[in-house]
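Subject: Structure handover

Hello,

Here is the structure I said I would pass on to you. Please open it first, then read the notes below with it on your screen.

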Amino acid sequence: MTLRFSPLFSGSSGNAVYVSGCDMQLLIDCGMSCARVAGELRAVGVSPEDIGGILVTHEHIDHIRGVGVFARKYRCPVYATEETWAAMEEKLGAIPPENRRMVRPGEDFFLGQLNVTPFPTPHDAACSVGYVLSTPDGARFGLATDIGCVRSGWLDAVRGCAAVLLESNYDPGMLQAGRYPYDLKRRIQSRKGHLSNDDAAEAALALVHAGARQLVLGHLSKENNFPELALQCTMSALERDGAAGVQVCVARRDGNSGVFTVSAEMLE
Ligand SMILES: [Zn+2]
Ligand SMILES: [Zn+2]
């Protein structure tokens, strides 16, 4: 049994990831307009009508911009923590009660045979989560973005995933020298902000030691990062460590990054 995923948009301007497995097709976040997300789904051969649910990480606009319209147009349920629901409700518009689903951080649930685990993330949102999706035979994909610091809680949740979409938001030097106001710089760097390229490299090493074979770096800052920098930072950490056989790439900001396949065998 395999999982497939495709980052459709990734970056501070908007995020959406397509994931499928065990006959379920899902979105994690829908942070661009419904039309643009539907367009990228079609571009990777998926009909938006077949999306069976949207898993929401948190209420920031780059994650929920298209959630309300998409959920209404394609009549699919929306999953989020209770606190996230409260914080995003007004921005989403009306979602029929039967399509409002609650998730609890740390409590897994099944969509068909697909196991979904929302796990808590340190971020300046009401109650943000990342997600791990796994098939009964152990193919696992983890999404870990919008995370303020590398620490055991979320890292343990994604340990053992063969493929991870990992945040690599900013280059510390570019952020320091850049034109963001002081308060925003502090917010990004805080323990509830975003992961720097160095943080991503540190997390990548831990994940690779636990068996990860496909890393997709994502949620890059437009102002304070370059794809080449993010890639080089994680790649050189893995090289220094002698890690072999690991695929690393950077998700595109403005469109899909292709479709990735995850199987349990990748971990062996
Ligand atoms: Zn974000
Ligand atoms: Zn955020």
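**The two zinc sites**

Along the chain, the residues that donate to the zinc ion (ligand 2) follow the spacing H-x1-H-x62-H-x22-D. Keep in mind that this is a predicted model.

The donors in that pattern are H58 through NE2, H60 through ND1, H123 through NE2 and D146 through OD, at 2.1 to 2.5 Å from the zinc ion (ligand 2). What arrangement do the four donor atoms make around the zinc ion (ligand 2)? The angles they subtend run from 92 to 170°, which makes the arrangement irregular. For four donors to count as tetrahedral, all angles would have to lie between 85 and 135 degrees.

H58 sits in the loop between β4 (54-55) and α2, and H123 in the loop between β8 (114-120) and β9 (129-134), so this pair ties together parts that are 65 residues apart in sequence. Both H58 and H123 are buried.

The zinc ion (ligand 1) is held by D62 (OD), H63 (NE2), D146 (OD) and H219 (NE2), at 2.1 to 2.2 Å. D146 bridges this ion and the zinc ion (ligand 2), and the two ions lie 3.4 Å apart. In sequence, the donor residues of the zinc ion (ligand 1) are spaced D-H-x82-D-x72-H. D62 belongs to helix α2 and H219 to the loop between β12 (214-218) and α9 (227-241), so the pair ties together parts that are 157 residues apart in sequence. D62 and H219 are buried. The four donor atoms around the zinc ion (ligand 1) subtend angles of 92 to 167°, which makes this arrangement irregular.

**The largest pocket**

Rolling a probe the size of a water molecule over the atoms shows where empty space is left. The largest pocket has a volume of about 230 Å³. It is lined by 15 residues, and the closest to its centre are S12, R187, I188, H194 and H219. H219 is thus named here as well as among the donors of the zinc ion (ligand 1).

Two elements give two or more residues to the lining, namely α2 (61-64) and α7 (182-189). Which element gives the most? That is α7, with three residues. By type, the lining of the largest pocket divides into four nonpolar, seven polar and four charged residues.

**Backbone and surroundings**

Most residues other than glycine have a negative phi. Two residues to look at here are C22 and H219: phi of C22 is near 50°, a positive value in a residue other than glycine, and phi of H219 is near 50°, also a positive value in a residue other than glycine.

C22 is placed in the loop between β2 (16-21) and β3 (24-30). Is C22 buried or exposed? Its relative accessible area is 16%, and buried means under 20%, so C22 is buried. H219 has 1% relative accessibility and therefore counts as buried.

S168 is found in the loop between β11 (163-167) and α6 (172-177). With a relative accessible area of 0%, S168 is buried. Leaving out residues up to four places away in sequence, S168 touches L195, S196, N197, A200, L217, G218, H219, L220, N225 and A230. H219, a donor to the zinc ion (ligand 1), is one of these contacts of S168.

Regards

Terms used
Residues are numbered from 1 along each chain as its sequence is written. Chains are lettered from A and ligands numbered from 1 in the order in which they are written. This is a predicted model: local features need pLDDT of at least 70, side-chain atom pairs count only at pLDDT 80 or more; totals for chains, interfaces and linings use all residues. Side-chain values use heavy atoms; hydrogens and water are left out. On a 1 Å grid over the protein atoms alone, a cavity is a set of points where a 1.4 Å probe fits but cannot get out, and a pocket is an open set with protein on both sides within 12 Å along at least five of seven lines; lining residues have an atom within 4 Å of a point. Grid points are joined across faces, edges and corners, and a volume is the space filled by probe spheres set on the points. Helices (H or I, at least four residues) and strands (E, at least two) are DSSP runs, numbered from the N terminus. Ala, Val, Leu, Ile, Met, Phe, Trp, Tyr, Cys and Pro count as nonpolar, Asp, Glu, Lys and Arg as charged, and the others, Gly among them, as polar. Donors are N, O and S atoms within 2.8 Å of the metal (3.2 Å for Na, K and Ca); water is not among the atoms, so sites may look incomplete. Four donors count as tetrahedral if all angles lie between 85 and 135 degrees; four count as square planar and six as octahedral if opposite donors are over 155 degrees apart and all others between 65 and 115; anything else is irregular. Buried means under 20% relative accessible area, exposed over 50%, partly exposed in between (1.4 Å probe, protein chains only). Contact means heavy atoms within 4.5 Å.
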